[in-house]
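Reader: Please take a close look at one loop residue and its surroundings, and then lead me step by step from there into the rest of the chain. I would like the reasoning behind each classification spelled out.

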Amino acid sequence: MSYSSEVLADTPCLYWKLDETSGTTADNAATTGSVNDGTYSGDYTLGVDSWTGMQCVTFNQGAEDGQVYKVVSSGSWPTTALTLECWYRGTTAQAGGSGIMGYAAPSQANEFLMWYQASSTNSFKLFINNAEADFTSSSSPAQGSQGWKHVVMTWENVAGTCKVYVNGNLQQTITSVKVGYSIE
């Protein structure tokens, strides 16, 4: 089974493959039509050869941060549990770190946010409504040397349990992060 087939088997609400070679639209492969397609903006490059031999997009951090942007209507996200998954490679240390993906609600800029903190700890972070789960791990090398990483972060509101997996291995579990909270 291909990676894409495995992702789609989980019926995600959003799956941007980021494999476009032209245009400004990031196709949401989880749906037919253009539901939750994103728009590329800022400093990015389409059609870059990746380590898998497939085309990918690079987002450059500089004067203009590259990103995929989409205004999603309220109620489009799961509200009591969340899984965020991506392939990530930081090529240079960014002052303070880099946002990998996030969602801003009308009342909260960081309703959820997946982050890589470039510092002495070089840690992954997950913010749920500004509550922070800091996954500090000795296996998280400096941003400029880390190469490609498959990163998965999960959160559920019953016990507020957050987990981070890097390259398929559970790195850390943190509890009591926004217990009982519902994402807007």
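Author: In this predicted model, Asn-167 counts as partly exposed because its relative accessibility is 39%, a value that falls between the 20% under which a residue is buried and the 50% over which it is exposed. Asn-167 sits in the loop that connects β12, residues 161-166, with β13, residues 169-174. Once residues up to four places away in sequence are set aside, Asn-167 touches Trp-148, Lys-149 and His-150. For one of these partners, Lys-149, the separation along the chain is 18 residues, while the C-alpha atoms of Lys-149 and Asn-167 lie 5.9 Å apart.

Trp-148, one of the residues that Asn-167 touches, leads onward to the surface, where Trp-148 forms a nonpolar patch together with Tyr-3 and Trp-87. The accessible area of these three residues together is about 280 Å². Trp-87 belongs to strand β6, which spans residues 81-88, and Trp-87 is classed as partly exposed because its relative accessibility comes to 38%. That value also satisfies the condition for patch members, since they need over 30% relative accessible area.

Charged side chains offer a second view of the model. A search of the whole structure finds 2 salt bridges. In one, the side chains of Lys-125 and Glu-132 meet with an N to O distance of 2.5 Å; in the other, Lys-125 and Asp-134 meet at 3.1 Å, again N to O. Lys-125, Glu-132 and Asp-134 are thus linked in a network of salt bridges. The three residues of this network can be set side by side by their accessibility. Lys-125 is buried, because its relative accessibility is 8%, whereas Glu-132 is partly exposed because it reaches 41%, and Asp-134 is likewise partly exposed because its value is 26%.

Glu-111 makes a useful contrast with that network, for Glu-111 is buried yet has no salt bridge. The nearest side chain of opposite charge is that of Lys-178, at 7.9 Å, and this explains the missing bridge, because a salt bridge requires the nitrogen and the carboxyl oxygen to be within 4 Å. What the side chain of Glu-111 does have is a polar contact of 2.7 Å with the side chain of Tyr-181. Glu-111 is placed in strand β8, residues 108-117, and, leaving aside neighbours within four places in sequence, its contacts include Tyr-103, Ala-104 and Ala-105, then Phe-127, Ile-128 and Asn-129, and finally Tyr-181, Ser-182, Ile-183 and Glu-184.

These details belong to a protein chain with 1 helix and 13 strands, in which the helix precedes the strands when the elements are read from the N terminus. Of its 184 residues, 36% count as buried. Among contacts with a separation of 6 or more, 43% are between residues 24 or more positions apart. The chain exposes about 9,600 Å², and carbon and sulfur atoms supply 50% of that area.

Definitions and conventions. Residues numbered from 1 in each chain as written. Predicted model: local features only at pLDDT ≥ 70, side-chain atom pairs only at ≥ 80, totals over all residues. Heavy atoms only, no water. Patch = residues over 30% accessible without salt bridge, like charges linked within 9 Å, V, L, I, M, F, W, Y side chains within 5 Å. Areas by Shrake-Rupley, 256 points an atom, 1.4 Å probe, with all protein chains shown as cover. Helix = DSSP H or I, 4+ residues; strand = E, 2+ residues; numbered from the N terminus. Buried < 20%, exposed > 50% of the residue type's maximum accessible area, 1.4 Å probe, protein only. Lys, Arg positive; Asp, Glu negative; His and termini not counted. Polar contact = N/O pair within 3.5 Å; in protein donor to acceptor, adjacent residues only side chain to side chain. Contact = heavy atoms within 4.5 Å.
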